[in-house]
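Biologist: I'd like a close look at one part of this model, please. Which residue does UniProt list for "active site"? Take me through that spot and whatever sits around it.

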Amino acid sequence: KNVSTGFKDGFLWGGATAANQIEGAFNLDGKGITTAEVVKKAEDRSNSMAMNEVTREMLDEAIADPSDTHYPKRRGNDFYHRYQEDIKLMADMGFKAFRMSIAWSRIFPNGDDAQPNEAGLAFYDRVFDECAKYDIEPVVTLSHYEMPIALTIKQNGWASRDTIAAFTKYTETVFNRYQHKVKYWMTFNEINAGTWGFNATGALEDGLSADEKMQLHYQSLHHQFVASAIAVQQLHAIDPDAQIGCMLARMQNYPNTPNPVDVLETQKQDELNLFFTDVQVRGEYPEFMNRYFAEHHVVIDMADGDEELLREGTVDYLSFSYYMSMVASADPDFEKTSGNLTFGGKNPYLESSDWGWQIDPVGLRITLNEFWNRYHVPLFVVENGLGAQDVIAEDGHIHDDYRIDYLRQHIIQMKEAVKDGVDLMGYTTWGPIDLISAGTSEMSKRYGFVYVDQDDSGNGTLDRMPKDSFYWYKQVIASNGAEL
Ligand code: BG6
């Protein structure tokens with residue numbers, strides 16, 4: 001089978017999730033509230049940045065409200081209570097890998113408590129043990145778009161250097177605890193999202209100017225880079241057999257025209273995206289950022305030893321999410337698409353999802369080749385998928401051929417990239433069991449192979465039901481990508 005597809009033996013087929021989008025049980029068993037759980041559902045569903053729009057006033061209002069009514073990420077899809085059923089469904093599809101994240105606040109409710117919360121640690125033991133029953137490898141993100149809200153209140157999240165010590169105490173705790181259960185880790189989900197704000201930095205930005213916000217973002221990111229480098233070194237010391245990666249939301253840019261100024265702008269946009277993996281894979285800030293920082297009055301406060309930490313804490317593999325591509329233009333009046341996460345330009349050759357994300361399977365092949373040529377480290381596609389509104393047909397089933405088609409096209413391009421020579425470890429599609437959207441907190445933006453009976457207001461039985469794509473993906477995995 002492998003000969004025909006090119007995917008290696010042990011290719012990590014599976015699905016990807018995040019604690020705050022699935023678990024629920026936001027205040028059970030000693031868990032502290034997180035930054036994700038103070039975010040309300042977006043009023044405008046095309047606003048994928050709604051997750052960042054938290055002000056001090058909104059935070060105070062959220063903290064005072066102990067219910068989950070207005071905060072969908074407090075509910076998730078109830079994985080906390082249904083993990084056995086869900087992992088069984090993944091096993092039925094033949095999953096080799098389950099990407100999930102640990103909620104830091106289940107382990108350290110305030111982020112920097114003296115002792116970890118045993119009930120939180122025990123929960124993830126149960127999840128990993130359940131995976132082991134079916135030979136599913138957990139692929140664990142240490143920080144996926146959340147942190148204990150206590151650290152926002154105490155020290156404005158990642159804006160504070162003190163958060164590095166809190167985080168690395170947490171990482172050391174979970175590495176020690178799960179060293180015999182988890183072989184694949186990654187540090188920060190979509191680390192570049194730190195340039196978008198609160199959702200990834202945990203830092204409030206009330207009253208800051210554009211330049212001040214930029215300063216806050218890049219300083220917070222520096223702290224995350226250092227924390228990530230320390231975590232890499234901790235893991236290598238604790239469990240030399242385990243591997244740890246970085247994670248980027250890759251935004252491939254194309255020039256709007258062959259006009260060299262558009263090509264240059266494209267290169268600049270790409271550099272701003274690849275900066276993150278340059279630091280985490282190569283171990284140092286790339287030169288091109290010096291000019292960018294100077295032009296935007298950003299001064300990175302580096303402590304003695306930071307550069308050495310970055311050099312010595314480079315990752316074992318590079319993982320990334322891929323949903324869309326961008327178009328860049330030097331023309332300031334160039335039309336932007338509001339749907340794309342970072343507001344790139346419209347591409348007339350591509351169709352968009354109902355949320356305006358431009359669908360570009362060939363871009364995945366381009367991305368894989370660019371990454372491989374730039375870094376020569378193993379690559380892992382840890383998110384890809386189509387957010388769509390599913391309808392239960394008269395026969396009681398969900399015929400999501402649009403989702404099958406999207407995934408098929410992307411897997412075809414992944415296969416081409418492997419033939420091109422790219423070293424690819426695996427593919428975990430986003431949201432294998434319907435979950436809460438990160439950007440808008442909707443439930444109705446569904447990615448799953450399995451339908452979850454819950455609406456945007458939290459009504460529903462939470463029952464699980466396989467969609468047509470469930471059976472399709474099962475056959476893809478069973479044939480190691482031959483039968484698409
Ligand atoms: C990625 C995130 O940006 O995209 C996930 O890592 C997220 O957490 C996914 O869910 C899809 O985005 P959304 O906004 O449709 O949930």
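Modeller: First a yardstick: a residue is buried if 20 or more other C-beta atoms lie within 10 Å of its own, exposed if 12 or fewer, and partly exposed in between, with C-beta atoms placed from the backbone. Bear in mind that this is a predicted model, where local features need pLDDT of at least 70, side-chain atom pairs count only at pLDDT 80 or more, and totals for chains, interfaces and linings use all residues. Residues are numbered from 1 along each chain as its sequence is written.

Your residue is Glu383, which an unreviewed UniProt entry lists for "active site". UniProt positions follow the numbering used here, feature names are shortened, and such annotations may be inferred rather than shown by experiment. Glu383 belongs to strand 11, residues 379-383. (Helices, H or I with at least four residues, and strands, E with at least two, are DSSP runs numbered from the N terminus.) Glu383 counts as buried because 25 other C-beta atoms lie within 10 Å. Apart from neighbours within four places in sequence, Glu383 is in contact (C-beta atoms, placed from the backbone, within 7 Å) with Ala16, Ser321, Thr428 and Trp430.

Now zoom out a bit. Strand 11 is part of a barrel that eight strands close in the order 1-2-3-4-5-7-11-12, with parallel pairing. From one strand to the next, the twist averages 25 degrees. (Axes are lines fitted to C-alpha atoms, for helices over the stretch in contact, and angles run from 0 to 180 degrees between N-to-C directions.) On the outskirts of your site, helix 15 (residues 401-420) packs on the sheet and touches strand 11 and strand 12 (424-430). The direction of helix 15 makes about 170 degrees with that of strand 12.

Strand 7 deserves a stop too. Two strands pair if DSSP finds at least two bridges between them, and strand 7 (residues 317-321) has four to strand 11, running parallel. Ser321 is bridged to Glu383 itself, while Phe320 has Val381 as its partner in strand 11. Looking toward strand 5 (residues 243-249), strand 7 is joined by five bridges, again parallel, and Gly245 is partnered with Tyr317.

How many of the five residues of strand 7 are buried? Five of the five are, so strand 7 is largely enclosed by the rest of the structure. Tyr317, Ser319 and Ser321 point one way from strand 7, while Leu318 and Phe320 point the other way.

There's a ligand in the picture as well. A residue counts as near a molecule or strand if its C-beta atom, placed from the backbone, lies within 6 Å of it. The ligand has 16 residues around it, and Ala18, Gly387, Ser437, Ala438 and Gly439 come nearest. By class, that shell holds five nonpolar, eight polar and three charged residues. (Ala, Val, Leu, Ile, Met, Phe, Trp, Tyr, Cys and Pro count as nonpolar, Asp, Glu, Lys and Arg as charged, and the others, Gly among them, as polar.)

One aside, for contrast with buried Glu383: Asn156 sits in the loop between helix 7 (149-155) and helix 8 (162-178). With 17 other C-beta atoms within 10 Å, Asn156 is partly exposed. Most residues other than glycine have a negative phi. Asn156, though not a glycine, has a positive phi of about 55 degrees.

Note on methods. Two residues are in contact if their C-beta atoms, placed from the backbone, lie within 7 Å.
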